[in-house]
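Welcome, and thanks for taking a look at this one. Please open the model in your viewer and keep the sequence at hand while you read.

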Amino acid sequence: MRIFTFREDGRARLGLSVNSALYDLEAVCLSLREVKAITKPRLFDQSVEGLTLIDLMEMGDEGLRALDAAERYIRWIASESADPWVLRNARRREEDIEWLPPVTRPPAVYGIGGNSPLFFRDKNFQIPAYPRGFLRPTNHHALIGHRARVTIPAHYSTMRSSAELGVVIGKTGRNVSEAEAMDYVFGYTLVNDMCSDSWKVVALRGQDEALMHQDLTIFTQRASTSYYSRSTDSFAAIGPYLVTKEEVSDPYNLMVYNRLSGVQRERAYTQAMVNGIERTVSFLSRIFTLRPGMIFHMGTMGIDGYTVEPDMRFGTEDYFEIEYETVGVLRNYITDLRGPFQK
């Protein structure tokens, strides 16, 4: 199932994508009133008004049953053998809705750093035997949805866009083994992990970045660049969907694409993870309690994102776009506050 969250009439609502068409879940449930059948389909046992994805996850198997029933109902009503007009008020157009991250207020968003083989290929760095990374802010300024605008601040000369797979936790757990880890995964989403190398200038003050392995002060300064740049408003785009895990038969067998205004900048493959999903979920569960709605984005896959150089300037129709086979395409338009380039 492919679930999304959007804002309409001032509040967040859940939707389902079925056969590439978008449906408002609340309107789907209301459409049952028009169904001419002695025994009407059973969807949710409660009102879905105000229901969030975290609420659905906390419902456990009952939530999945209701979603599955809603999807089967949509397929039936939308078919030629039924009455597609019944769903007329439930349909939505991608370009007309205000997309939100599928999980609007995740308990945590944890990014795995250095999870790409390319990151280590030309450096004298030790490849980590465990996932290491960073927590990023989860407020509505920091996290944005599909088609929302990314703002490049005026004082950022450069930035980077990285296509990453978001693993969404579906239930509470602690000290989870690698063998059990996938039982705690509800599904997958996309995360465009954006950051700015401009912070290196501030933190390193001209010192060689490679010295961070010899000097703890330089290491700490370098680590701060990752946190501050990723904490920038709008620098984490998430969506468009949460795809439940049964839709993705093998998360290690997906092609990855990273594009800038329709031009492909990178192509990769999810087999190229240094640390996989099972190890990541298990390791982090020994540090903090897993909770429904947490998102772990798995780093770049064989690539390390492309850099927006100082002389690259964007208009209002330019956009970042990432794609993971089966999971979806996440597009975000750019607001560039850096002004016209001057040599």
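This report covers a pocket and then a sheet.

Please keep in mind that the model is predicted. Let us begin with the second largest pocket, which has a volume of about 320 Å³. Its lining is made of 16 residues, and the closest to the centre are R7, L100, P101, H140 and L143. In terms of chemistry, the lining residues divide into 8 nonpolar, 4 polar and 4 charged. Strand 5 (98-100) and strand 8 (143-144) each supply at least two residues of this lining, and the largest share, 3 residues, comes from strand 5.

Now for the sheet. Here 5 strands form an open sheet in the order 9-18-17-13-14, with mixed pairing. Strand 9 (149-152) and strand 14 (263-269) stand at the edges; each has a single partner strand, so one side of each is left without a neighbour in the sheet. From one strand to the next, the twist averages 20°.

Within this sheet, strands 17 and 18 are neighbours in the order. Their pairing is antiparallel and runs over 6 bridges. If you would like a spot to zoom in on, I322 stands opposite L330 in strand 18. As background, strands of a sheet pair through backbone hydrogen bonds, either parallel or antiparallel.

For easy selection in your viewer, here are some strands with their residue ranges.

| Strand | Residues |
|---|---|
| Strand 5 | residues 98-100 |
| Strand 8 | residues 143-144 |
| Strand 9 | residues 149-152 |
| Strand 14 | residues 263-269 |
| Strand 17 | residues 319-324 |
| Strand 18 | residues 328-336 |

Conventions. Residues numbered from 1 in each chain as written. Predicted model: local features only at pLDDT ≥ 70, side-chain atom pairs only at ≥ 80, totals over all residues. Heavy atoms only, no water. 1 Å grid on protein atoms, 1.4 Å probe; cavity = no way out; pocket = protein on both sides within 12 Å on 5 of 7 lines; lining within 4 Å. Points joined across faces, edges and corners; volume = space filled by probe spheres on them. Helix = DSSP H or I, 4+ residues; strand = E, 2+ residues; numbered from the N terminus. Nonpolar A, V, L, I, M, F, W, Y, C, P; charged D, E, K, R; others polar. Pairing = 2+ DSSP bridges. Axes fitted to C-alpha atoms, helices over the stretch in contact; angles between N-to-C directions.
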